[in-house]
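Hi there,

Here is the structure I promised to pass on. Have a look at it first, and then read my notes below.

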Amino acid sequence: MEKETCALCGQPVEIEGFTETDADGIKKFCCAGCLSIFQLLNEISETTTIKNTITNNEEIP
Ligand SMILES: [Zn+2]
């Protein structure tokens with residue numbers, strides 16, 4: 001039986017329950033640490049996108 005692999009570090013997921021749903025679907029993680037890092041990276045990328053949008057609007061003459 002194949003095991004799911006962690007979406008962050010690629011290790012086999014031994015414990016169920018560490019999941020996160022994003023635009024691509026459900027992602028599984030091996031531990032709470034990987035899950036929280038993924039959520040943090042997601043927040044940073046979302047914030048960066050918002051900042052870029054604001055900057056682009058300001059640059060329009
Ligand atoms: Zn992991």
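**What I found**

Strands β1 (residues 19-22) and β2 (residues 25-28) run antiparallel and are joined by four bridges. With two residues between them, β1 and β2 form a hairpin. Within this pairing, glutamate 20 has lysine 27 in β2 as its bridge partner. On the terms: two strands pair if DSSP finds at least two bridges between them, while helices (H or I, at least four residues) and strands (E, at least two) are DSSP runs, numbered from the N terminus.

Before going further, a word on the source: this is a predicted model, in which local features need pLDDT of at least 70 and side-chain atom pairs count only at pLDDT 80 or more, whereas totals for chains, interfaces and linings use all residues. Residues are numbered from 1 along each chain as its sequence is written, and side-chain values use heavy atoms, with hydrogens and water left out.

**The zinc site**

Which residues hold the zinc ion? Its coordination comes from the SG atoms of Cys6, Cys9, Cys30 and Cys34, at 2.3 to 2.4 Å. (Donors are N, O and S atoms within 2.8 Å of the metal, or 3.2 Å for Na, K and Ca; water is not among the atoms, so sites may look incomplete.) Along the chain, the donors are spaced as C-x2-C-x20-C-x3-C. Cysteine 6, in the segment before β1, and cysteine 30, in the loop between β2 and α1 (32-59), are 24 residues apart, so this pair links distant parts of the chain. The arrangement is tetrahedral because the four donor atoms subtend angles of 101 to 115° around the zinc ion. (Four donors count as tetrahedral if all angles lie between 85 and 135 degrees; four count as square planar and six as octahedral if opposite donors are over 155 degrees apart and all others between 65 and 115; anything else is irregular.)

Cysteine 6 and cysteine 30 are both buried; here buried means under 20% relative accessible area, exposed over 50%, and partly exposed in between (1.4 Å probe, protein chains only). Valine 13, in the segment before β1, counts as buried too, because its relative accessibility is 8%. From C-alpha to C-alpha, valine 13 and cysteine 30 are 4.4 Å apart in space, with their positions 17 residues apart in sequence.

**Salt bridges**

How many salt bridges does the structure hold? There are four, each being a side-chain nitrogen of Lys or Arg within 4 Å of a carboxyl oxygen of Asp or Glu. One of them joins glutamate 4 to lysine 28, with the closest N and O atoms 3.9 Å apart. Glutamate 4 lies in the segment before β1 and lysine 28 in strand β2, so their contact ties together parts 24 residues apart in sequence. Glutamate 4 is partly exposed at 44% relative accessibility, and lysine 28 is partly exposed at 22%.

Lysine 28 also meets the side chain of glutamate 16 in a salt bridge (3.3 Å, N to O). Glutamate 16 is exposed, at 58% relative accessible area. Another salt bridge runs between lysine 27 and aspartate 22, whose closest N and O atoms are 4.0 Å apart. Through shared partners, salt bridges join Glu4, Glu16 and Lys28 into one network.

Best wishes
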